[in-house]
Each structure stands twice: as C-alpha cells, then as structure tokens.
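Subject: Structure for your review

Dear colleague,

Please find below the structure that I am handing over to you. I would be grateful if you could read the notes that follow it alongside the coordinates.

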Amino acid sequence: MTIRHIALLTALNALLTLGVAAYVWLAPTGTAFAMLDVVELYRLKERQVAAVLVKRDASDADRAAAIQHAGNFGAELATVVESLPQECRCLILVRGAVTGSSRQLPDLTPLVRQRLGL
C-alpha cells in the first residue's frame, strides 16, 4: 500500500465521519408521541346521551336530537383526531396500546374532550 492510498483512505474516512456527525447533529430528535383515550371519550358521550334519554321532562325532540348526536359522534371524533398529528407534530397513540409508564406522554384527551363539548 502506497502513501497515496493511505492518504486517500484517510480522507474518505474523515469525510464519512464528518457526514455521519453532521447527520446526527442536524437530524430531527426522534419522533414525538402523545396519547389519546378514545374509550373515555365514548363513555363520556354515552353518559351525555343517557342523561338526556332518562330525563323525565325531556321531550321526544330532545331525545331524538341526543340519539342523532350520538350517531354523528364517530365522525366528529374522527375529524378531530385526524387534525391532531399536524397540530402537535406528533404520533398519536391510543391509551390502551400504551404499556408501562405513560406519565412521559402528553395526554390529548382533555383537549379533544373540550373540542367535542364533553
């Protein structure tokens, strides 16, 4: 191996090392995650609808409106959930899919609950 080959290999090694270092330095720091409890949202909607249905002085129109709102709830929730990743710039995980300590993950359930009027 000549000195020229050694110098060339050293230069390539230095460039490769600088490239990796630049990538590590400039690359985004991992994916952000947040959590959403969809089951809780459905339970809250069920309670809201049930409260209207069992209310003694509720009219038939009130009961019909409550049932219609319950039927539209899935579409409303889907619309809100679809907009969350762009807003928080994160990946949304369903609470039931998170194992271990979830204290480190932001919980977006209160925000969605407020948007849906629950």
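The notes below cover the nonpolar core, two of its residues, the disulfide and a surface patch. Please bear in mind that this is a predicted model.

Nonpolar core

The largest nonpolar core has 12 residues in all: A34, L36, L41, F73, L77, V80, L84, C90, I92, L108, V112 and L116. At least two residues of this core come from each of β1 (33–36) and α3. The element that gives the most to it is α3, with 4 residues. As a general background, nonpolar side chains in soluble globular proteins tend to be buried together.

V80 and L84

V80 lies in helix α3, which spans residues 60–88. Its relative accessible area is 12%, under the 20% limit, and V80 therefore counts as buried. Once neighbours within four places in sequence are left aside, V80 is in contact with V112, R115 and L116. Of these partners, V112 and L116 are also listed in the core. The pair V80 and R115 is separated by 35 residues in sequence, while the C-alpha to C-alpha distance is 7.9 Å.

L84 is another member of the core. With neighbours within four places in sequence again left aside, its contacts are L36, R89, I92, L108, L111, V112 and R115. V112 and R115 thus appear in the contact lists of both V80 and L84.

Disulfide

The count of disulfides comes to 1. This disulfide joins C88 to C90, with an S to S distance of 1.8 Å. The angle about the S-S bond is -80°, and the link is left-handed. How do the two cysteines stand in terms of exposure, buried or partly exposed? C88 is partly exposed, at 30% relative accessibility, whereas C90 is buried, at 11%. C90 also belongs to the nonpolar core described above.

Surface patch

Away from the topic of the core, L8, L9, L12, L15 and L18 make a nonpolar surface patch of about 530 Å². One of these residues, L15, is placed in helix α1, which covers residues 3–26. L15 has a relative accessible area of 58%; exposed means over 50%, so L15 falls in that class. V80, by contrast, is buried at 12%.

I should be glad to receive any comments you may have.

Yours sincerely

Key
Residues are numbered from 1 along each chain as its sequence is written. This is a predicted model: local features need pLDDT of at least 70, side-chain atom pairs count only at pLDDT 80 or more; totals for chains, interfaces and linings use all residues. Side-chain values use heavy atoms; hydrogens and water are left out. Patches are made of residues with over 30% relative accessible area and no salt bridge: like charges are joined within 9 Å, nonpolar side chains (Val, Leu, Ile, Met, Phe, Trp, Tyr) within 5 Å. Accessible areas come from the Shrake-Rupley method with a 1.4 Å probe; for residues, only the protein chains shown count as cover. A salt bridge is a side-chain nitrogen of Lys or Arg within 4 Å of a carboxyl oxygen of Asp or Glu. Buried means under 20% relative accessible area, exposed over 50%, partly exposed in between (1.4 Å probe, protein chains only). Contact means heavy atoms within 4.5 Å. A nonpolar core is a set of buried Ala, Val, Leu, Ile, Met, Phe, Trp, Tyr and Cys residues joined through side-chain atoms within 4.5 Å. A disulfide is a pair of cysteine sulfur atoms within 2.5 Å.
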